[in-house]
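Good morning, and thank you for coming. I have been asked to introduce a structure that is new to this group, and I would ask you to look at it first.

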Amino acid sequence: MTFLSLGLIDPLLRTLDALGYHKPTPVQAKAIPAVLAGRDLMAAAQTGTGKTAGFAVPLLQRLTMEGPQVAPHSVRVLVLVPTRELAEQVYESFRNYGGNLPLRCFVAYGGVAIEPQLSKLRKGLDVLVATPGRLLDLYGQNAVKFEQLQTLVLDEADRMLDLGFSRELDAIFAALPKQRQTLLFSATFSDAIRALAGKLLREPLSIEVNPRNSTVKSVKQWLIPCDKKRKPELFCHLLKKRRWGQVLVFVKTRKGVDLLVKHLLEQGIRADAIHGDKTQPNRLRALERFKAREVQVLVATDVAARGLDIDDLPQVVNFDLPTVAEDYIHRIGRTGRAGASGEAISLVCADEVELLAAVEALTRQTLRRVEEDGYEAEHRVPATGAGGTVIKKAVKELAPKAAERASKRRFYR
């Protein structure tokens, strides 16, 4: 199958070819004709499989074929995303795919000045990519109108609910015209999202090109049992021993991110951070430094689990396991993108066993455990089994080598 066979117009075909898109991915092959036909859509596919092009390309074609007709302050296509980073990524995709088209696109999110966004909206936009909070700010100032809205896209809607945007989403849905096309795209669809889809979509086409909540096969996954207090030391050890290049590290809390970055800098390791307390310019600067290879380690909270598209990222490390199991899929999806190979390593301590069990239940796999010599956990991580069960909860039981070290310490005191 080719993009030509999907019915795309010549300007888009030339752009896709220049970008190196020579054959549609499975999600693109199924989504593009449906979006062109005006169908409501619910599409689930693994990260890195081209979901954004699956909706952006056909929407750009439809807008082009209809001609420029946007009124002041109006938008024709609205794309809602959960994070600022994802907003920038999706906006950049629209710009890249629509480079040869006479369309107006822009992005709006919080943490930056609102005036440039107000200015762009005065003449109207064909496509607006926005986070829910900033969109409501703009709507409250009468800066954006929805009378011309044709299509609503919810990208990573499950994450929006996880981040507590449900009230904002309800307010936005109430302001939108009832007659519209609605598209839901994500790597994971929880039961809550499926219930939401039932309220928003009209006779939707459902696309699932991979098993539900599955991980990318090109990403090699394993875990290293360790004690919580030794995680920073273990990470630095692995970084040097395995000669890792660039690494994206996920930490549970903002304070934890800052503490790890401080430790890495003290060890002479070039590191930077992304989390919710950072201003948007600082977050973008950290990401650009990482992409430019000025920084070896980028440490982030789950705000970066979606929306970071980094070429040739070889390693993702879960310094802490995520509280929400679905975020594990999105975290490790930052590597192994577009068919490339990657590695995802989790540093797991005993009190994270329930989080581990939840991840294994969601992904229907048991992660392989690899002991790191000299860093064996004194408090053994309980075994887990099929279906995410915790087989043994004796978390204070010492691993053999750790027990031997503890015994020697007591002897030499």
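I will begin with the protein as a whole and then turn to individual helices and residues. Please bear in mind throughout that this is a predicted model.

Let us start with the overall picture. The protein has 413 residues, and 56% of them count as buried. Its secondary structure consists of 15 helices and 16 strands. If one takes the contacts in the protein with a separation of 6 or more, residues 24 or more positions apart account for 73% of them. The protein exposes about 18,000 Å², and carbon and sulfur atoms supply 51% of that area.

I turn now to helices that have a buried side. In general, an α-helix has 3.6 residues a turn, so residues three or four places apart point the same way. Which residues of helix H8, residues 166-175, are buried? They are Leu169, Ile172 and Phe173. Seen down the axis of H8, these buried residues fall within an arc of 100°, so they line one face of the helix. The face of H8 turned away from that buried side carries Arg167 and Ala174, which are exposed.

Helix H5, residues 115-122, may be described in a similar manner. Its buried residues are Gln117, Leu118 and Leu121. Viewed down the axis of H5, they too lie within an arc of 100°, so they line one face of the helix. What covers the buried residues of H5? The cover includes strands E2 (75-80), E3 (105-108) and E4 (125-130), together with helix H6 (132-140). H5 is followed by Gly124, whose phi is positive, near 90°.

Helix H14, residues 353-363, deserves a separate word. Here 8 of the 11 residues are buried, so H14 is largely enclosed by the rest of the structure. The buried residues are Val353, Leu355, Leu356, Ala357, Val359, Glu360, Leu362 and Thr363. Among the elements that cover them are helix H13 (326-332) and strands E8 (219-225) and E13 (342-348). The cover also includes strands E14 (368-369), E15 (384-385) and E16 (389-390). Just after H14, Arg364 takes a positive phi of about 55°.

Strand E15 leads us to a single residue, Thr384, which lies in that strand. Is Thr384 buried or exposed? Its relative accessibility is 11%, and a residue counts as buried under 20%, so Thr384 is buried. Leaving aside neighbours within four places in sequence, Thr384 is in contact with several residues, including Val353, Leu356, Ala357 and Glu360. Other contacts of Thr384 include Thr366, Arg369, Thr389, Val390 and Ile391. Thr384 and Glu354 are 30 residues apart in sequence, and their C-alpha atoms are 9.1 Å apart in space.

Next, I would like to consider a pair of helices. Two packed helices are described by the angle between their axes and the distance between the axes. For helix H4, residues 84-97, and helix H12, residues 280-291, the axes come within 11 Å and cross at roughly 65°. The crossing in which H4 passes H12 is right-handed. On the H4 side the contact is made by Arg84, Glu85 and Glu88, and on the H12 side by Gln280, Arg283 and Leu284. By class, this contact has 4 charged residues, 1 polar and 1 nonpolar.

Helix H3, residues 51-66, contains Thr52. At a relative accessibility of 13%, Thr52 counts as buried. Apart from residues up to four places away in sequence, Thr52 touches Val90 and Ser93.

Finally, let us look at backbone angles in loops. Most residues other than glycine have a negative phi. Asn142, although not a glycine, has a positive phi of about 60°. Where is Asn142 found? Asn142 sits in the loop between H6 and strand E5 (151-155), and with a relative accessible area of 58% it is exposed. Arg243 is likewise not a glycine, and its phi is positive at about 55°. Arg243 belongs to the loop between helix H10 (231-241) and strand E9 (247-250). With a relative accessibility of 76%, Arg243 counts as exposed.

That concludes my presentation. Thank you for your attention.

Technical notes. Residues are numbered from 1 along each chain as its sequence is written. This is a predicted model: local features need pLDDT of at least 70, side-chain atom pairs count only at pLDDT 80 or more; totals for chains, interfaces and linings use all residues. Side-chain values use heavy atoms; hydrogens and water are left out. Buried means under 20% relative accessible area, exposed over 50%, partly exposed in between (1.4 Å probe, protein chains only). Helices (H or I, at least four residues) and strands (E, at least two) are DSSP runs, numbered from the N terminus. The arc is that of the directions from the helix axis to the C-beta atoms. Contact means heavy atoms within 4.5 Å. Axes are lines fitted to C-alpha atoms, for helices over the stretch in contact, and angles run from 0 to 180 degrees between N-to-C directions. A crossing is left-handed if the near helix is turned anticlockwise from the far one by less than a right angle, and right-handed if clockwise. Ala, Val, Leu, Ile, Met, Phe, Trp, Tyr, Cys and Pro count as nonpolar, Asp, Glu, Lys and Arg as charged, and the others, Gly among them, as polar. Accessible areas come from the Shrake-Rupley method with a 1.4 Å probe; for residues, only the protein chains shown count as cover.
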